[in-house]
Amino acid sequence: MTTLTPQKPAIPQPGSTITPAPAPRPAQDPAWRELVDAVREAGQYPTRSEAESVTRIVLSALGGHVVGDERVDLARALPEEAARVVASQIPATRRLTASEFVDSVAARIEGATPATARWDVSSVLSVLPPLVGDELVTRILHQLPSGYALLFGRAELTPAA
């Protein structure tokens, strides 16, 4: 019979420091890589790292504005890493217009202007419909104020009066 003996926790001695172990890096999910590569191509980003950063920023901004069943369904349809980014956001207390949404993304990206942020947002959101399905994107757009459809690469049609 094997007996397990608990080990004593390391107690730092005066003048010594304990260096925490590096956080394990999650295995690169192929679906996440494909999403980032699609964003890189759509946005013509020079590096994969830049495309990944923009993808995380835009999805985190979107995650705060999509709520309820649409948020759950969006997270289910996205690659695991993207789902975590969306689902980890606290729901926004105020709905942003599409222009305000772009401005909020610009504030998160160093050196961004409203024009470059609009490019970044569109580069990410326009790759979502083929990935998550047009029906889900339509449901998400019904939840958001008008103006977001263009960011998803769709025409925004208004019913005739």
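Modeller: A residue is called buried when its relative accessible area is under 20%, exposed when over 50%, and partly exposed in between. Please keep in mind that this is a predicted model.

Colleague: Thanks! What secondary structure does the protein chain have, and in which pattern along the sequence?

Modeller: The protein chain comes to nine helices and zero strands. With helices alone to place, reading along the sequence gives the pattern α-α-α-α-α-α-α-α-α.

Colleague: What percentage of the residues in the protein chain is buried?

Modeller: The protein chain exposes about 10,200 Å², and carbon and sulfur atoms supply 58% of that area. Of its 161 residues, the buried share is 37%.

Colleague: Which kind of geometry does the aromatic pair have: stacked, edge-to-face or tilted?

Modeller: The structure holds one aromatic pair. The ring centres of Phe101 and Tyr148 lie 5.5 Å apart, with the planes at 55 degrees. Planes under 30 degrees apart would count as stacked and over 60 as edge-to-face. The angle of 55 degrees falls in the remaining class, so the pair is tilted.

Colleague: How many residues apart in the chain are Phe101 and Tyr148?

Modeller: Both partners are buried. Phe101 belongs to helix α5, residues 98–108, and Tyr148 to helix α9, residues 148–151. The pair therefore links distant parts of the chain, and the separation of Phe101 and Tyr148 is 47 residues.

Colleague: Where do the buried residues of α5 sit around its axis: on the same side or on opposite sides?

Modeller: The buried residues of α5 are Ala98, Phe101, Val102, Val105 and Ala106. Around the axis they cover an arc of only 145 degrees, which means that they are placed on the same side.

Colleague: Which helices are included in what covers the buried residues of α5?

Modeller: Phe101 is one of the buried residues of α5, and its ring partner Tyr148 is in helix α9. That helix is part of the cover, and two further helices are included with it. The cover thus includes α9, α2 (48–63) and α6 (114–125).

Colleague: How far apart in space are Pro145 and Ala98, C-alpha to C-alpha?

Modeller: Pro145 is found in the loop between α8 (134–143) and α9, and with a relative accessible area of 16% it is buried. Apart from neighbours within four places in sequence, Pro145 is in contact with Arg95, Leu96 and Thr97. In sequence, Pro145 and Ala98 are 47 residues apart, yet their C-alpha distance is 7.1 Å.

Colleague: Let's turn to charges. Which side chain meets Glu52 in a salt bridge?

Modeller: Glu52 is buried at 14% relative accessible area, whereas its partner counts as partly exposed at 29%. Both lie in helix α2, four residues apart, which is about one turn of the helix. An α-helix has 3.6 residues a turn, so residues three or four places apart point the same way. The N to O distance is 3.1 Å, and the partner of Glu52 is Arg56.

Colleague: Which residue forms a salt bridge with Arg84?

Modeller: Arg84 is partly exposed at 40% relative accessibility. Its partner is three residues away in helix α4 (residues 80–87), about one helical turn, and that partner is buried at 14%. The closest N and O atoms are 2.6 Å apart, and the residue is Glu81.

Colleague: Which residues are linked with Glu52, Arg56, Glu81 and Arg84 in a network of salt bridges?

Modeller: The structure holds twelve salt bridges, among them Glu52 with Arg56 and Glu81 with Arg84. Both pairs belong to one network, whose further members are Asp37, Arg48 and Glu80.

Colleague: How many residues apart in sequence are the parts tied together by the salt bridge of Asp73 and Arg139?

Modeller: The side chains of Asp73 and Arg139 meet at 2.6 Å, N to O. Asp73 lies in helix α3 (residues 68–77) and Arg139 in helix α8, so the parts tied together are separated in sequence by 66 residues.

Colleague: And is Glu70 buried or exposed, and which residues does it contact beyond its neighbours within four places?

Modeller: Glu70 is found in helix α3, and its relative accessible area of 17% makes it buried. Arg139, the salt-bridge partner of Asp73, is among the contacts of Glu70. Leaving aside neighbours within four places, the contacts of Glu70 are Leu136, Arg139, Ile140 and Gln143.

Definitions and conventions: Residues numbered from 1 in each chain as written. Predicted model: local features only at pLDDT ≥ 70, side-chain atom pairs only at ≥ 80, totals over all residues. Heavy atoms only, no water. Phe/Tyr/Trp six-rings, centres within 6.5 Å; stacked < 30°, edge-to-face > 60°. Helix = DSSP H or I, 4+ residues; strand = E, 2+ residues; numbered from the N terminus. Buried < 20%, exposed > 50% of the residue type's maximum accessible area, 1.4 Å probe, protein only. Areas by Shrake-Rupley, 256 points an atom, 1.4 Å probe, with all protein chains shown as cover. Arc of directions from axis to C-beta. Contact = heavy atoms within 4.5 Å. Salt bridge = Lys/Arg side-chain N within 4 Å of Asp/Glu carboxyl O.
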